[in-house]
Amino acid sequence: MSENVTMNAVRQHTFGGPEVLSVERVERPAPLPTEVLVRVYAAGINPVDWKTRGGTGMAGVLGAPPFVLGWDVAGVVEEVGFGVTTLAVGDRVYGMPWFPRAGGGYAEYVTAPSRQFARMPAGRSFEQAAGVPLAGLTAWQALVDTAGVRPGQRVLITAAAGGVGHLAVQFAKHLGAYVIAVAGPRNQQWLAELGADEVVDYTTGRFEKEVRDVDVVLDLVGDAYDATSTRSVETLRPGGLLVAVPAGVSPELATVAAAAGVRVTGFLVEPDGPALARIAALIEQGTVTVEVAKVLALAEVAAAHREGEQGHTRGKIVLRVADDRA
């Protein structure tokens, strides 16, 4: 394998802790017809990354290692395959390639269908853009496509200060909803500034005892932590909808929801270039801001995973893959 067709990428050869991640030289991909080759400048990190690294998450889709994790990328189009008409060499783009199949985002280059990307928000850094795709599309598709949130509806968002949550707060507000955010004490004021009409501190009480008559719950925690999905059912009005993101709908949760006369659905995000274009417009307008808690070098990926797994990150952790000043 010659040097000019290889690249740096973070690989793992076994399931396990952050220590299984290592930077290696691997073959650089080439775009097929309808695909683009993107030079990656920054890659976002998401909970599904460390879950998959450990053998859960999307491990059942990817199969046994070795593989390259990562689905959030921001970079520059370096080559276009035959048939691509929506992007050109030199375009600054961001996307969530291939999810839930292997996206290979923790690498210097990725290839994917051109329509899985969109042009980055103008005036934003690669690091800011890389924090958006998976989290932003999860929030957007859950609220817009799945729940159909309308002006005046009451929307409850758990884990509201996280990567998905802080974007969901802003999207719900943009859609005209009355937004109720559940978060810890240090994020109360920040979430109010993002547009939350109420912020419930989960450390001082049970949110289901404080909130009622909700139309839509976007649950980003799941039942694995203190039965959060099941408890969310109590906040919904009759006919309301619970979108259970992390673990879907268990038979037990379905039974509780049916008894309460509410609807419940699982959810999994999909690549969506047109939605990313709409999100980029909101960011350019200043309607939506992206919180990047920390930027680490590609070689520091294990440390990034360790920090993310602690579960208290405000916004997103991002890997800097290349220096855009180079």
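Just after helix α4, G148 takes a positive phi of about 60°. Keep in mind that this is a predicted model, so every angle I quote is computed from it.

Let me stay with α4 for a moment. The helix covers residues 133–146, and eleven of its 14 residues are buried, so α4 is largely enclosed by the rest of the structure. Which residues of α4 are buried? They are P133, L134, A135, G136, L137, T138, A139, W140, Q141, A142 and L143. As background, an α-helix has 3.6 residues a turn, so residues three or four places apart point the same way.

Back to backbone angles. Most residues other than glycine have a negative phi, and most peptide bonds are trans. G148 is a glycine, but two other residues with positive phi are not. D226 has a phi near 55°, and A227 has a phi near 50°. D226 is found in the loop between β12, residues 214–219, and α8, residues 228–232. A227 is found in the loop between β12 and α8 too. Are these two buried or exposed? D226 has 40% relative accessibility, so D226 counts as partly exposed. A227 is also partly exposed, because its relative accessible area is 32%, and the partly exposed class runs between 20% and 50%.

Next, the cis peptide bonds. Which residues does the one at F99 join? It joins F99 and P100, with omega about 10°. P100 has its place in the loop between β6, residues 92–95, and β7, residues 109–113. Another cis bond runs from P65 to P66, where omega is near 15°. P66 is found in the loop between α2 and β4.

P100 also comes up when we look at V61. V61 lies in helix α2, which spans residues 59–62. What does V61 touch, not counting residues up to four places away in sequence? The answer is P100 and R101. In sequence, V61 and P100 are 39 residues apart, while their C-alpha atoms are 7.0 Å apart in space. V61 has 46% relative accessibility, so V61 counts as partly exposed. To put those together, V61 touches P100, and P100 is joined to F99 by a cis peptide bond.

After α2 and the loop that holds P66 comes β4, which takes us to a sheet. This is an open sheet of three strands, in the order β2-β1-β4, and the pairing is antiparallel. The edge strands are β2, residues 22–27, and β4, residues 67–68, and each pairs on one side only. In general, strands of a sheet pair through backbone hydrogen bonds, either parallel or antiparallel. How many bridges join β1 to β4? Two, with β1 covering residues 6–12 and the strands running antiparallel. For one of the partners, look at Q12, whose bridge partner in β4 is F67.

Now over to Y202. Where is Y202? It lies in the loop between β11, residues 198–201, and α7, residues 207–210. With 39% relative accessibility, Y202 counts as partly exposed. Leaving aside neighbours within four places in sequence, Y202 is in contact with V182, A183, G184 and H312. V292 is 90 residues from Y202 in sequence, and the C-alpha atoms of that pair are 23 Å apart in space.

I will finish with the whole chain. The protein chain has eleven helices and 16 strands. Its C-alpha atoms fill a box of roughly 60 × 40 × 35 Å along the principal axes. What radius of gyration would a compact globule with 326 residues have? It would be near 20 Å, and the protein chain has 20 Å, which agrees. Of the 326 residues, 53% are buried.

On contacts, take those between residues at least 6 apart in sequence: 68% of them join residues at least 24 apart. The V61 and P100 pair, at 39 residues apart, is one that we have already seen in contact.

As for the surface, the accessible area of the protein chain comes to about 13,400 Å², and 51% of that belongs to carbon and sulfur atoms. On charge, there are 28 positive and 35 negative side chains, and the centres of the two sets lie 2 Å apart.

Key. Residues numbered from 1 in each chain as written. Predicted model: local features only at pLDDT ≥ 70, side-chain atom pairs only at ≥ 80, totals over all residues. Heavy atoms only, no water. Helix = DSSP H or I, 4+ residues; strand = E, 2+ residues; numbered from the N terminus. Buried < 20%, exposed > 50% of the residue type's maximum accessible area, 1.4 Å probe, protein only. Contact = heavy atoms within 4.5 Å. Rg over C-alpha atoms; globule rule 2.2 N^0.38 Å. Areas by Shrake-Rupley, 256 points an atom, 1.4 Å probe, with all protein chains shown as cover. Lys, Arg positive; Asp, Glu negative; His and termini not counted. Charge placed at Lys NZ, Arg CZ, Asp CG, Glu CD. Pairing = 2+ DSSP bridges.
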